[in-house]
Each structure stands twice: as C-alpha cells, then as structure tokens.
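Good morning, colleagues. I shall speak about pockets and then about aromatic rings.

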Amino acid sequence: MSPKKSDKLATNILYIVSGMIVLILASLLGYILIRGLPFVSWSFLTSPSKSYQAGGGIGIQLYNSLFLLLITLLISVPISLGAGIYMSEYAGKNRLTDIIRTAIEILSSLPSVVVGLFGFLIFVIQMGYGFSILSGALALTFFNLPILTRNVEESLKAVHYTQREAGLALGLSRWETVTKVVVPEALPGILTGVIISSGRIFGEAAALIYTAGQSAPALDFTNWNPLSVSSPISLFRQAETLAVHIWKINTEGTMPDGAQVSAGASAVLILVVLIFNFGARFIGNRLYKKMTSA
C-alpha cells in the first residue's frame with residue numbers, strides 16, 4: 001500500500017473513531033435530556049422535595065449543589081494554584097519533589113468512596129463538624145486537589161521558556177514574571193482543569209453521602225445568620241445535593257413519582273454542568289484576552 005493510501009486510511013479511521021465518541025456522548029446526553037426535560041418546570045426547580053408524596057421538586061438540593069461547589073472552589077483553587085506554581089517555577093528536581101509528585105498521583109487515583117470515609121472519620125467525627133457543607137467541601141477539596149495541582153503545574157510548564165526570559169529581561173522579578181506573564185498565558189489550561197473539577201464536584205455523590213449528609217432541611221432565604229441551620233449561607237448544616245438526591249430516590253423507593261423526579265433531576269444536573277462549562281470558557285476567554293492583550 002502506498003504512503004498516500006496509508007495516510008488516507010489512517011485519517012479515515014481517526015474520523016470514524018472520533019465520530020463514534022461524539023455519537024456515544026450525544027446519545028447519552030440525548031437519552032437523559034429527552035427522558036427528563038418533560039418533567040422540568042419552574043415549580044420543579046424551586047419547590048422543596050417531598051419524600052412520601054408526589055409533586056415535590058429539587059429547589060433546595062439544586063441550591064445546595066451550587067453552594068457546595070462555590071465553597072469547594074474557594075478552598076481548593078487557591079491552594080492548587082499556589083502548589084502548582086511552586087512545583088512548576090520554584091521546586092527543584094530532588095527527592096522531596098519526587099515524593100510530593102508520587103503522593104499527588106496516589107491521591108488522584110483514590111476512589112471517591114474512600115475519600116468520603118476519610119472525610120467522615122476526620123471532619124465529621126474527629127474535628128466535630130458533623131454532617132455539613134464544610135465537611136463535604138473539605139472532603140471534595142482532598143478529592144480534587146491532586147488533579148487541580150497537576151493541571152496547574154502542567155499548564156505552567158507548557159508556557160515557553162522565552163516568555164519567562166522576556167519578563168526577566170524587562171526587569172521584572174521572578175514572582176512578577178510568574179504572576180503577570182506565565183499565569184495569564186497558562187490561563188486557558190488552568191481554566192480547563194477547574195471546569196473538569198467543577199463537573200466532578202457538582203456530580204459527586206459517594207463522598208458527600210458520608211460528609212454533607214442525606215437530608216435537606218428547609219431554608220429561610222431571609223435568614224443570613226451563618227450560624228443558623230436554616231440559613232442558606234450556613235456552613236454547618238446538612239446539605240443533600242442533587243447527585244445525592246438522585247441516588248437516594250433510586251435506592252429508597254419511598255417517593256411515588258420517584259422515577260419522574262429522578263429523570264428530571266438528572267436532566268437538570270446535566271444542563272447545569274453544560275451551562276457552567278460554556279459560561280466558564282466564555283469568561284475565561286475574555287479574561288485571557290484582557291490579561292494577555294490577545
């Protein structure tokens with residue numbers, strides 16, 4: 001077979017494989033959305049759930065998921081950004097950094113159930129936070145921190161060394177070069193890692209069953225006391241998330257319209273992840289153009 005025909009055959013095979021991947025993804029999304037969207041309404045999105053009668057919604061669970069996502073990102077992103085900058089720009093090649101990278105690899109491969117049990121033993125019991133948003137956010141921080149740190153490190157390393165040399169040649173300090181030149185240039189890659197981690201956080205259930213709890217107390221959105229269990233901004237209240245709610249509906253079987261609620265909640269979960277991904281990419285591109293004058 002001639003090289004030209006071999007190249008054409010390989011290209012066609014890659015197109016077929018890519019098309020199969022897109023088809024599988026589209027089929028999965030289509031099945032979930034077609035099955036669940038008919039049950040989604042404004043009342044469904046805002047009303048509280050009902051365990052033993054039909055007609056409940058997912059309002060509190062949806063809010064808990066978004067609030068828990070925000071708290072987890074506020075904790076994990078600064079830590080992973082600092083760790084990634086240190087590993088990429090300041091840490092030398094030695095035994096200590098090899099141990100750190102090995103530990104990161106091990107942590108990134110831990111099942112979420114194991115992370116949840118760790119969070120239950122440490123944050124819920126030993127530290128006394130109980131089943132709460134704080135316990136769930138800290139457990140998810142351990143769950144996502146290795147992936148975020150490696151993503152930040154690899155994104156920074158992908159920036160060409162001439163960018164660093166140019167910054168230093170202009171009289172910038174090493175820290176100024178990193179923060180004003182390297183990090184803005186690596187922003188798209190860092191943002192991709194944050195988006196992937198956000199999707200994992202929003203759809204996580206196993207780790208939160210043992211840390212954030214399986215109940216969703218009624219919230220008073222006029223109560224802004226962070227120490228009150230009915231306050232929407234309290235970190236010390238139980239918070240059943242949307243993913244945990246879907247799991248709970250399908251395992252307990254006490255809700256008369258559980259199949260419809262589960263289908264609708266799954267469709268909402270997928271839509272929120274998609275909206276967050278596209279929105280974060282749009283904002284990230286705008287920030288990248290502004291910070292790099294691209």
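For the residue classes I will use, Ala, Val, Leu, Ile, Met, Phe, Trp, Tyr, Cys and Pro count as nonpolar, Asp, Glu, Lys and Arg as charged, and the others, Gly among them, as polar. Please bear in mind that this is a predicted model.

By these classes, the lining of the largest pocket contains 17 nonpolar and two polar residues, and no charged ones. The volume of this largest pocket is about 370 Å³. Its lining comprises 19 residues, and those closest to the centre are Val77, Leu191, Val194, Ala280 and Leu287. At least two lining residues come from each of helix 3, helix 6, helix 8 and helix 11, with helix 3 giving the largest share, seven residues.

The second largest pocket has a volume of about 160 Å³. Among its 14 lining residues, Ser49, Ser51, Glu240, His245 and Lys248 lie nearest the centre. By class, this lining has three nonpolar, eight polar and three charged residues. Helix 10, residues 242-252, supplies the largest share, four residues.

I turn now to the aromatic rings. The count comes to seven aromatic pairs. One of them joins Phe118 and Phe123 edge-to-face, at 6.1 Å centre to centre and with 85° between the planes. Phe123 is buried, at a relative accessible area of 5%, whereas Phe118 is partly exposed at 35%. Phe123 also pairs with Phe142; the centres are 5.9 Å apart and the planes at 45°, so this pair is tilted. It links distant parts of the chain, with Phe123 in helix 5 and Phe142 in helix 6, 19 residues apart. Phe142 is partly exposed, at 38% relative accessibility. Finally, Tyr63, Phe67 and Phe221 form one aromatic cluster.

Methods:
Residues numbered from 1 in each chain as written. Predicted model: local features only at pLDDT ≥ 70, side-chain atom pairs only at ≥ 80, totals over all residues. Heavy atoms only, no water. Phe/Tyr/Trp six-rings, centres within 6.5 Å; stacked < 30°, edge-to-face > 60°. Buried < 20%, exposed > 50% of the residue type's maximum accessible area, 1.4 Å probe, protein only. 1 Å grid on protein atoms, 1.4 Å probe; cavity = no way out; pocket = protein on both sides within 12 Å on 5 of 7 lines; lining within 4 Å. Points joined across faces, edges and corners; volume = space filled by probe spheres on them.
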